[in-house]
Structures are given as structure tokens and as C-alpha cells.
Amino acid sequence: MQDILEAIMAAEGSAQPERELAGLAGLPVPESYRGVVVRAEDTRMFDGMATRDKDPRKALHVQEVPTPELAPGEALVAVMASAINYNTVWTSIFEPLPTFKFLQRYGRLSELTRRHDLPYHVVGSDAAGVVLRTGPGVTRWKAGDEVVAHCLSVELEDAAGHDDTMLDPQQRIWGFETNFGGLAELCVVKANQLMPKPRHLSWEEAASPGLVNSTAYRQLVSHHGANMKQGDVVLIWGASGGLGGYATQMALNGGAIPVCVVSSPEKAELCRKMGAELVIDRSAEGFRFWKDEQTQDQDEWRRFGERIRELTGGEDPDIVFEHPGRETFGASVYVAKKGGTIVTCASTSGFLHQYDNRYLWMHLKRIVGSHFANYHEAWQANRLVALGQIHPTVSKTYALEQTGQAAYEVHRNAHQGKVGVRCLAPEDGLGVRDPQLRARHETAINRFRGH
């Protein structure tokens, strides 16, 4: 592994980094590597505890694991950096169910997928790094290519997946519903998960957009989601967070009008730094949408809707960008414009949503479920990053050994933007190949740093 890292580091400052990296093809593949895992033996460790009290640091372990054989159509990537997503938090606290159920189901599909059904699960759904090897049938990518990986793993053997790969019955989220994920020194991906690494970004910056940026693109921009257009009023929950930070940028980049909902003055300031002018600090303004565990407060829905109209000059949201779920969903349905769209994923505050259907049916609103993105959507989202139109939202990074702490901070919402993890990268700031483009966007790239 050290030889691999040295070969990648030789590209730093080189006039021909591609030439340096091509030498990786001649290096042997390590028999094992370090990865962040949850263990099947630990799945009952949090039984009886409230979700908030479950501690990812107790369940996530860094351990040496055997390097799997590559199947046709796959690639082995040396991971320089990864990032924390909420699915890693769910994995680490074994909610809503242990991910070993996913691995067992996938393992029954074929002899090749049986590799994934193990008593440990290497987690992580983001990665930036360098291709080491490709399996039979891979022609687009080669050893030495600098790449990022999106997290859609799909078999594409069923006709249902060929109009929209997200509808494939064998669609899975890599590193969550499959093994050999990105929070590791090496990872195994399907070749159609790979995309070019944005050349002006460091490894940790390039690793951070993948899942959330692609998810936001499908939710807001794609015709599979809200099909956002210029001038749309877009209500964005958690607008400075991992998902909302990209939704805010996409709304602004696409000529829409974001109304950013946050929970602190610091988060409100981050939204303003991104260019958003309409911001609601729900904590400062005291919005509480539930009277108790069973009863929502419709007076608060109304007060929230009135506040939005104050900011927009009397307009309701054309689109509500929903991901908190249970805590906010009733309010989201209520405040959406007549004929508007509530587009939803994730449900980080709870999966069981309650809303008053009169405000949906009688006002001709629609709820659209959105889950990650297909390859085309992920590629387009990555292209916007590579062009410098959408920027990473990394606030801090941790070493691989500190992944548990990084996941703990995301679980407790004690973070801003995205939390990165250095896997093979020994420090932040490495991997920049286009310093001129970077210099043009340095302020935007770093606006979440230190928060």
C-alpha cells in the first residue's frame, strides 16, 4: 500500500501527473487493506436505546480486510479521500435495520455477488482516488485515471432499468447495500460508477459532492424530480447542510429563488455566503411544528407560510426540497404553492410522515419520491462541479482512524456542509491539477472550512 501511495504522491507537482500515475499498472495489488467496518456480531449493541443516544464511535472500526477479486465490469480504486453521509450514520447505529440484511440479499443473487455477504461491512458511499485495476470488459477506464465514484450500483440485466437505472430491481447504494465501500484505502466499484475527478479540487474536496450533489440534482433539476425552472421559489430545509448546501447552490445556479431554512445564525450566514438572500433561522424564530409526539401544530404551519410570503413578496414555494422527514413534512405539504411539488428523500428525523391530505388533494399538489440519481444525472452533477459552477461544502476533515468521530458529529448535527475523511491522503490540499481554475473559485471552495 505504501508503494501505491508513493506512486500517487509522485504526481504532486509533476508537470505530467498522468505519466506518473500510469505506473500504478505495474505495482502489485495488496492482499489486504484497511477499511472502516461494522461487524455482524455488534448488531444488537444498541438495543433499547433511543436513536439519538446510539454512538457511531462504538460500532465503526478500522481493520485490515482481504482485497476481493474483481468481477467483470468492476474497478479497484486506491481511495485518497471519502466523506460521511447519513447512510453511514444509519449503518453505524443499525437503523432502520442492520445492513447485513442487504449484504445477505445481494449475496444470493449470483456467485460473484456472494463476495459481499461477509461478517463485516466496509462502509462508505463517496470516494475520490486513482484506478489501480479494471476487470474484464472495462474499456473506458484504466490504471492511473483520477476518478470520483458515485454510489449507484446497478446490475442492468432487467429491462426496467434501461429507461431510468434507478428503477432497476437490482439497484443498490454502494457502500450501504453493498460491501467494499469508500471509507477505506481501497474500494471496489462498477466501472459505470466512475466519473472524472474535478481537476481543480483536492482529494477531500472532490470526494465530498458525489452522493449529496447527485441526489440534489435529481431532486431539483432532473425531470425525474421537481424539474426546477428559472424563477421558481424553492424552500430548502437544512440549507447549509450536506444535502441542502448543494440544493441551495443549484437553485441559485439555475435561476431559482431559494428560501433557506436553517437552525442557527452561523448556518444562516453560510447560506448568505453562497448567495442566498432569503433565510429563515427556525430556532431564532421559534418554529415548532409538533405540540407533542402525536400532534402537529397547524398554527405553526400557518405562521411558517406567512413568514415565507413575507420574504418572497407574497409567493408560496413552487418546490419544497424535503429531507428531514417526519419533523417537517406536514409543514412542507401545507406551505407548498397550489399545484406545487414536494420532493422528498432521506427522512433524517423519521420515516413515518404525517400530513393533512386536504392541503395536498384540494390544492393539486404532488409528492415526488427521489432516491439518489442515475449515472447520467450523477455525471451532469459532477460536470457542474468540474466547471466550477457548483462547489464542495467541506467544513472539516478527519483521518481514516477518526471516522467514528466524524460520523458521530453528523449524527448529532454538530457539523456544517460535508465532513471529509482522508483515506490514503496524508494531508488536506493534495491532488489539485488545475491551480488556475482553483484560484478563480478559491473563496467559494473554502467558504465552509472551519465551520
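The exercises below work through the domain boundary and several local sites of the model shown above.

The model is predicted, so that local features need pLDDT of at least 70 and side-chain atom pairs count only at pLDDT 80 or more, while totals for chains, interfaces and linings use all residues. Residues are numbered from 1 along each chain as its sequence is written, and side-chain values use heavy atoms, with hydrogens and water left out.

**Exercise 1.** Describe the boundary between domain 1 and domain 2.

Step 1. Begin with the division of the chain: domain 1 comprises 1–213 + 373–446 and domain 2 comprises 226–369, the bounds coming from an automatic or database domain assignment. Their C-alpha centres lie 30 Å apart.

Step 2. Turn to the contacts, for which heavy atoms must be within 4.5 Å: 19 residues of domain 1 meet 15 residues of domain 2.

Step 3. The size of an interface is often given as the accessible area lost when the parts come together. Here the buried area (accessible area, 1.4 Å probe, that two parts lose on being put together, summed over both) is about 1,400 Å², and carbon and sulfur atoms give 58% of it. On the side of domain 1, Val212, Ile390 and Gln416 lose the most area to domain 2, together 36% of what that side buries.

Step 4. Count the polar links: there are zero salt bridges between the two domains, a salt bridge being a side-chain nitrogen of Lys or Arg within 4 Å of a carboxyl oxygen of Asp or Glu. Six residue pairs, both members at pLDDT 80 or more, are in polar contact (a pair of N or O atoms within 3.5 Å; within protein, one must be able to donate a hydrogen and the other to accept it, and residues adjacent in sequence count only if both atoms are side-chain atoms).

Step 5. Locate the domain 1 side: α4 (86–93), α7 (210–220) and α13 (375–386) are the elements that give two or more residues to it, where helices (H or I, at least four residues) and strands (E, at least two) are DSSP runs numbered from the N terminus.

**Exercise 2.** Is Thr248 buried or exposed, and what does it touch?

Step 1. Thr248 belongs to helix α8 (residues 244–253), a helix in which eight of the ten residues are buried, that is, under 20% relative accessible area, with exposed meaning over 50% and partly exposed in between (1.4 Å probe, protein chains only).

Step 2. Thr248 counts as buried because its relative accessibility is 0%.

Step 3. Leaving aside residues up to four places away in sequence, Thr248 touches Ile236, Ala239, Cys260, Met274 and Ala276.

**Exercise 3.** Which residue has a side chain joined to that of Asp316 by a polar contact?

Step 1. Asp316 is placed in the loop between α10 (298–312) and β14 (319–322).

Step 2. Not counting residues up to four places away in sequence, Asp316 touches Val233, Arg309, Val335, Ala336 and Lys337.

Step 3. The partner is Arg309, whose side chain makes a polar contact of 2.8 Å with that of Asp316.

**Exercise 4.** Examine the backbone of the loop between α4 and α5 (100–107) at Phe94 and Pro96.

Step 1. Phe94, found in this loop, has a positive phi of about 60° although it is not a glycine.

Step 2. Phe94 counts as buried because its relative accessibility is 7%.

Step 3. Pro96 lies in the loop as well, and a cis peptide bond joins Glu95 and Pro96, with omega about -5°.
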